[in-house]
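Colleague: Could you walk me through this model? I would like to hear the reasoning as well as the results.

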Amino acid sequence: MWVLGIESSCDETAAAVINNGKIYSNVIASQIKFHSQYGGVVPEIASRKHIEAVYVVIKQALNDAGVTLQEIEGIAVTRGPGLVGSLLIGLSTAKALAYALNIPLVGVNHIEGHIVAAFLAEDTPSFPFVALVVSGGHTNIYLVNNYHSFQLLGQTRDDAAGEAFDKGANLLNLGYPGGVVIDRIARDGNPNKVAFPRAMKDSNDLSFSGLKTSLLTMLKKQGRSFSSKELPDIVASYQEAIVDALMEKTIKAAKDNSISRIVVCGGVAANSRLREKFAKETSLRNIDLFIPPVILCTDNAAMIAAIGEIMLKDGRRDLLDLNAVSRWPLG
Ligand code: KG4
Ligand code: ZN
């Protein structure tokens with residue numbers, strides 16, 4: 001089934017074409033340069049930029065896939081969670097196209113999309129598995145029994161891991177978004193140099209606000225004057241604390257539920273240290289690890305089209321009064 005996916009939940013306008021779980025195109029227009037001067041996503045700017053980009057991105061996705069709009073048989077769009085103003089741009093476009101073309105429409109949960117991205121990789125997981133969804137807005141651990149069954153096993157009590165990366169980078173004046181910059185600088189640092197705290201050791205949940213405060217306290221003590229040689233050590237240690245917490249809690253969740261497959265997805269799953277440590281620790285424990293390629297970890301529409309195709313083939317249909325939802329817990 002030719003499915004057009006549209007994603008606009010935050011600061012990426014994306015469109016993709018999928019058929020039978022295979023990606024034919026995956027176009028992403030990033031708004032980072034418009035938000036970076038503010039140190040984070042400005043919702044009003046995001047909505048406006050989505051309006052400017054959405055048709056261009058869809059046209060490009062159709063061109064890249066070599067299909068016409070008339071050949072599209074169904075439309076999948078991110079309905080939530082996310083910024084309502086941003087979501088509405090993709091949703092209104094999807095509804096207009098579905099109406100004009102007289103084809104089915106389905107609204108998709110963005111978190112579910114991140115998880116289903118694992119099925120677009122070469123090596124795909126079988127059910128059941130434990131999924132860590134780790135992004136700028138979410139840090140959730142699920143037991144996934146099938147495409148429709150998600151049981152929340154743990155989650156952050158405060159900041160998402162991506163937020164911890166972005167806020168840490170902000171405190172260190174490294175720019176936005178911080179995850180990529182921290183990932184790069186940390187490669188030259190010693191991850192054991194600074195003993196940052198690992199919170200909530202005995203819980204299934206996570207917490208990152210103490211880590212951020214700990215960095216702030218350290219910087220205040222040092223008067224923010226550290227040498228350029230010290231920066232990689234601080235950054236690598238900060239990143240290590242985030243990665244360790246994510247890894248320990250996810251492996252614990254798998255162990256507690258006797259599951260031997262782990263999926264890690266979402267923007268933070270692009271982190272090179274996370275990928276390296278998860279690979280090492282899971283192989284030591286005979287757990288099969290599935291992390292999508294980086295382009296499918298950060299926000300994209302291929303993951304939305306992929307879960308959309310599954311839902312549409314299952315007969316799921318949404319009506320044209322479908323609305324955007326800022327909060328939409330899975331399961
Ligand atoms: O999934 P995503 O693109 O958007 C959301 O749904 O939030 O995730 C964005 C988050 C940002 O916080 C960004 O800093 C983080 O993913 N991120 C990374 C890396 N690349 C993106 N964090 C750590 N290391 C990376 N390489
Ligand atoms: Zn996302």
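What follows is a conversation about cysteines, a ligand site and an aspartate in this predicted model.

Colleague: Let's start with the cysteines. How many disulfides does a search of the whole structure find?

Modeller: A disulfide needs two cysteine sulfur atoms within 2.5 Å. For Cys-265, the nearest cysteine sulfur belongs to Cys-297 and is 7.4 Å away. That is too far for a bond. The search of the whole structure gives a disulfide count of zero.

Colleague: Thanks! Is Cys-297 buried or exposed?

Modeller: The cut-off for buried is a relative accessible area under 20%. Cys-265 meets it, with a value of 0%. Cys-297 has a relative accessibility of 0%, so this cysteine counts as buried.

Colleague: On to the ligand. Which residues come nearest to ligand 1?

Modeller: There are 19 residues around ligand 1. By type, they divide into three charged, ten polar and six nonpolar. The ones that come nearest are Gly-136, Asp-166, Asp-183, Gly-267 and Asn-271.

Colleague: And how much of the accessible area of ligand 1 does the protein cover?

Modeller: Let me begin with some contacts to oxygen atoms of ligand 1. A polar side-chain atom of His-114 lies 3.2 Å from one such oxygen, and an N or O atom in the side chain of His-110 is 3.3 Å from a ligand oxygen. Gly-162 brings a polar backbone atom to 3.3 Å from an oxygen of the ligand. On its own, ligand 1 has 550 Å² of accessible area, and the part covered by the protein is 89%.

Colleague: Which elements give two or more residues to the shell around ligand 1?

Modeller: His-110 and His-114, with their side-chain contacts to ligand oxygens, fall in the range of helix H4 (110-116). Gly-162, with its backbone contact, falls within helix H5 (161-171). The full set is H4, H5 and helix H6 (178-186).

Colleague: Why does ligand 1 lie between two domains, and which are they?

Modeller: The reasoning rests on where the shell residues come from. Both domains give residues to the shell, so the ligand lies between them: domain 1 (1-113 + 294-312) and domain 2 (122-290).

Colleague: One last point, Asp-205. Which side chain does it join in a polar contact of 2.8 Å?

Modeller: Asp-205 sits in the loop between H6 and helix H7 (209-221). Its relative accessibility is 16%, so Asp-205 counts as buried. The side chain joined to that of Asp-205 by the 2.8 Å polar contact is that of Arg-157.

Note on methods: Residues numbered from 1 in each chain as written. Chains lettered and ligands numbered in written order. Predicted model: local features only at pLDDT ≥ 70, side-chain atom pairs only at ≥ 80, totals over all residues. Heavy atoms only, no water. Buried < 20%, exposed > 50% of the residue type's maximum accessible area, 1.4 Å probe, protein only. Near = heavy atom within 4 Å. Polar contact = N/O pair within 3.5 Å; in protein donor to acceptor, adjacent residues only side chain to side chain. Areas by Shrake-Rupley, 256 points an atom, 1.4 Å probe, with all protein chains shown as cover. Helix = DSSP H or I, 4+ residues; strand = E, 2+ residues; numbered from the N terminus. Nonpolar A, V, L, I, M, F, W, Y, C, P; charged D, E, K, R; others polar. Domains from an automatic or database assignment.
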